[in-house]
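Me: I have a protein structure open on my screen and I would like to learn how to read it. Could you walk me through a few features with me?

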Amino acid sequence: MQKGYKMQEIIKAVQDIAIKISEVLKYGDLGYATSSNATGDTQLKLDILSDEIIENRLKELKCVSSIISEEKESPLLIDKDGEYIIAYDPLDGSSLVDVNFAVGSIFGIYKGALDAKNLVAAIYTVYGPRVELVVCQDDVRLFRLDRAGEFKFIKTLELKEKGKLNATGGTQKGWSDSHRSMIKSLFDDGYRLRYSGAMVSDLHQVLLKGGGLFSYPATPDAPNGKLRLAFEVLPFAYIYEKAGGATTNGVNSSLLDIKIEQTHQTTPCYFGSKFEIDRVRNG
Ligand code: P6P
């Protein structure tokens with residue numbers, strides 16, 4: 001009972017965060033800050049403001065031991081008696097805010113040490129024409145913000161055995177021959193290209209449309225991939241596998257097998273329906 005109550009506190013905090021960030025996106029300053037984050041991305045003022053909104057709200061939770069953010073160099077201690085580490089990307093896809101594309105926030109909730117086997121929930125928000133929230137503990141639930149400022153449950157999300165969408169990340173001239181031919185084989189089978197450059201929105205689309213493949217491989221300009229393990233890749237791997245899909249880094253049978261060695265570690269990543277992940281693994 002206590003555990004459920006604490007998770008409900010975290011979910012409520014993310015709901016409050018989503019409402020606040022969706023507001024600053026509408027009317028905030030789109031300019032760049034003078035700083036960059038731990039992975040060298042130039043920070044938008046909105047990246048920093050979103051991170052502050054999240055930090056301030058999570059600081060209110062006694063159940064959180066520490067927070068890890070894409071926008072913070074190192075973990076921030078919240079409460080030494082807390083049980084949960086929350087690792088998050090405060091504003092994923094923020095480089096698309098200036099063109100008014102959908103962006104979002106991604107949260108991995110770890111009980112105990114920062115390790116995929118300790119993931120007990122994953123949550124993400126999407127700031128688009130509507131504000132949406134996906135909460136995954138055992139199943140994957142979609143919620144939508146209504147006129148009254150409440151998140152209403154819409155439906156449970158599941159991936160089909162095989163989909164139709166192909167979200168192809170990474171600099172194409174840097175793709176390996178095997179990756180290029182795997183991607184081409186899906187297009188030759190009639191898959192549709194769906195890629196915006198915001199991971200959270202692209203993975204939301206594949207999930208809501210029932211399936212397909214999202215890939216961000218290793219390339220010469222990103223030899224360990226670009227997407228961050230602790231607060232982007234593992235939360236979505238947890239969600240996709242709970243939704244009946246599969247994931248891999250091209251070698252492991254699941255992204256959830258990867259050990260977190262550093263806070264801002266990246267990995268090549270593939271998320272999708274089982275048929276497409278089988279295609280990645282077996283060509
Ligand atoms: P590229 C956004 O900056 C991000 O971290 C992810 O949201 C997105 O999937 C990826 O980078 C896009 O990278 O190299 O395709 O522009």
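Reply: Happy to! Keep in mind that this is a predicted model. Let's begin at the ligand: one of its oxygen atoms is 3.1 Å from an N or O atom in the side chain of Arg228. Overall, the protein covers 77% of the 400 Å² of accessible area that the ligand has on its own.

Me: Which other side chains place a polar atom by an oxygen atom of the ligand, and at what distance?

Reply: A pair of N or O atoms within 3.5 Å counts as a polar contact. Tyr195 has a polar side-chain atom 2.7 Å from a ligand oxygen, and for Lys226 that distance is 3.0 Å.

Me: What surrounds the ligand?

Reply: The residues around the ligand include Asp92, Gly93, Gly170, Tyr216 and Glu232. Tyr195, Lys226 and Arg228, which we have already met, belong to this shell too. By kind, the shell divides into five nonpolar, three polar and four charged residues.

Me: Now a helix, please. How many residues does α3 have, and how far does it reach?

Reply: One way to read a helix is to compare its span with the expected one. Helix α3 runs over residues 177-188, which makes 12 residues. From first C-alpha to last it reaches 16 Å, close to the 16 Å expected at 1.5 Å a residue.

Me: Which residues of α3 are buried?

Reply: Buried means under 20% relative accessible area. In α3 the buried residues are His179, Met182, Ile183, Ser185 and Leu186. Looking down the axis of α3, you find these buried residues within an arc of 155°, so they line one face of the helix.

Me: And which exposed residues sit on the face turned away from the buried side of α3?

Reply: That face carries Asp177 and Asp188.

Me: Let's try the loops. Where does Asn100 lie, and is it buried or exposed?

Reply: Look in the loop between β5 (84-92) and β6 (103-111), and you will find Asn100 there. Asn100 is exposed, with a relative accessible area of 70%. Its backbone is worth a look as well: Asn100 has a positive phi of about 60° although it is not a glycine.

Me: What about Lys209: where is its place, and how far in space is it from Lys160?

Reply: Lys209 is found in the loop between α4 (199-208) and β13 (212-216). With a relative accessible area of 57%, Lys209 is exposed. Sequence and space are two separate readings here: Lys209 and Lys160 are 49 residues apart in sequence, and their C-alpha atoms are 9.2 Å apart in space.

Key: Residues are numbered from 1 along each chain as its sequence is written. This is a predicted model: local features need pLDDT of at least 70, side-chain atom pairs count only at pLDDT 80 or more; totals for chains, interfaces and linings use all residues. Side-chain values use heavy atoms; hydrogens and water are left out. A residue is near a molecule or strand if one of its heavy atoms lies within 4 Å of it. A polar contact is a pair of N or O atoms within 3.5 Å; within protein, one must be able to donate a hydrogen and the other to accept it, and residues adjacent in sequence count only if both atoms are side-chain atoms. Accessible areas come from the Shrake-Rupley method with a 1.4 Å probe; for residues, only the protein chains shown count as cover. Ala, Val, Leu, Ile, Met, Phe, Trp, Tyr, Cys and Pro count as nonpolar, Asp, Glu, Lys and Arg as charged, and the others, Gly among them, as polar. Helices (H or I, at least four residues) and strands (E, at least two) are DSSP runs, numbered from the N terminus. Buried means under 20% relative accessible area, exposed over 50%, partly exposed in between (1.4 Å probe, protein chains only). The expected span of a helix is 1.5 Å times one less than its number of residues. The arc is that of the directions from the helix axis to the C-beta atoms.
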